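Hi,

I am passing on the structure we talked about, and my notes follow below it. Please have it open in your viewer as you read.

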Amino acid sequence: FSLKNDFMRPEDLNFDIQETDFLDEDFSQFFNIFEKIFKFYFFTRDAEGALTYISPKISEVLGYKPEEFKKNWKKYLTEHLTNKEVILRSEFPQYSGKHIKPFNVEIKSKSGEKIWLDIYETPVLDPAGNVVKYHGLAIDNTARKTQENELRMREKRFREISQSSPIGIFHADPNDLMTYVNPAWQIITGRPMAETLGNPWW
């Protein structure tokens, strides 16, 4: 069993366990590890999209009591455009279907903090194959989302500065192949971007 880096995601967990280990060991030990790494809660929603169950662990993630959040969850959504996904799933149950991709939602916690959640859902079918409800897992990924946003902002700022800089600026990968050049570099060297990217910097 191995864990990778900070700001991990569930898909980052790498299980390398022999089949016999599952017969001899209590699998709850791995749940305990998961619980130490992530802040999360479980939920269930019916085929019409309404929440019918939320685990008590939601109080650790968002500060709300299960019943409080179940009744009023829509008013806790922020105005972020990504929340359109969760609205579609609640108002148009046919939008979810039987093949559900994970999605993100931004929620305002009880303390007023904006919390990013990764949402994973799986449908529960009746004998005829119809969806009767959905089981879900919500994982707090605020730290990773914040880090990603900060990285994007730094990259955007760098490009804004480099595009107007009179100094030639370039990036090269570990193999010395060019991955970025600014306009000044192209003017100074007389080499257009098409002839530069993917080639050695020298």
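**The sheet and two buried residues**

Strand 1 (residues 40–46) and strand 2 (residues 51–54) pair in the antiparallel sense, with three bridges between them. Before going further, please keep in mind that this is a predicted model. One residue pair to look at in this pairing is R45 and L51: L51, in strand 2, is the bridge partner of R45. The two strands make a hairpin with four residues between them. In that turn, G49 has a positive phi of about 100°.

The hairpin belongs to something wider. Five strands build an open sheet, in the order 2-1-5-4-3, and the pairing is antiparallel. Strand 2 and strand 3 (103–108) stand at the edges; each has a single partner strand, so one side of each is left without a neighbour in the sheet. On average, neighbouring strands of the sheet are turned by 30° against each other, direction ignored.

What lies across strand 3, strand 4 (114–125) and strand 5 (131–140)? That is helix 6 (residues 142–164), which runs at about 120° to strand 4.

Now for two residues that I followed up, starting with S55. You will find S55 in the loop between strand 2 and helix 3 (58–61). Is S55 buried or exposed? Its relative accessibility is 5%, and the cut-off for buried is under 20%, so S55 counts as buried. Leaving aside residues up to four places away in sequence, S55 touches Y41, F42 and P66.

The other residue is V105, which sits in strand 3, one of the strands at the edges of the sheet. With a relative accessibility of 4%, V105 counts as buried by that cut-off too. Which residues does V105 touch, not counting those up to four places away in sequence? They are L77, T82, N83, V86, I115, W116, L117 and I119. If you want a distance to check in your own scripts, the C-alpha atoms of V105 and D140 are separated by 9.9 Å, while the two residues are 35 residues apart along the chain.

Happy to talk it through whenever suits you.

Best wishes

Key:
Residues are numbered from 1 along each chain as its sequence is written. This is a predicted model: local features need pLDDT of at least 70, side-chain atom pairs count only at pLDDT 80 or more; totals for chains, interfaces and linings use all residues. Side-chain values use heavy atoms; hydrogens and water are left out. Two strands pair if DSSP finds at least two bridges between them. Axes are lines fitted to C-alpha atoms, for helices over the stretch in contact, and angles run from 0 to 180 degrees between N-to-C directions. Contact means heavy atoms within 4.5 Å. Buried means under 20% relative accessible area, exposed over 50%, partly exposed in between (1.4 Å probe, protein chains only).
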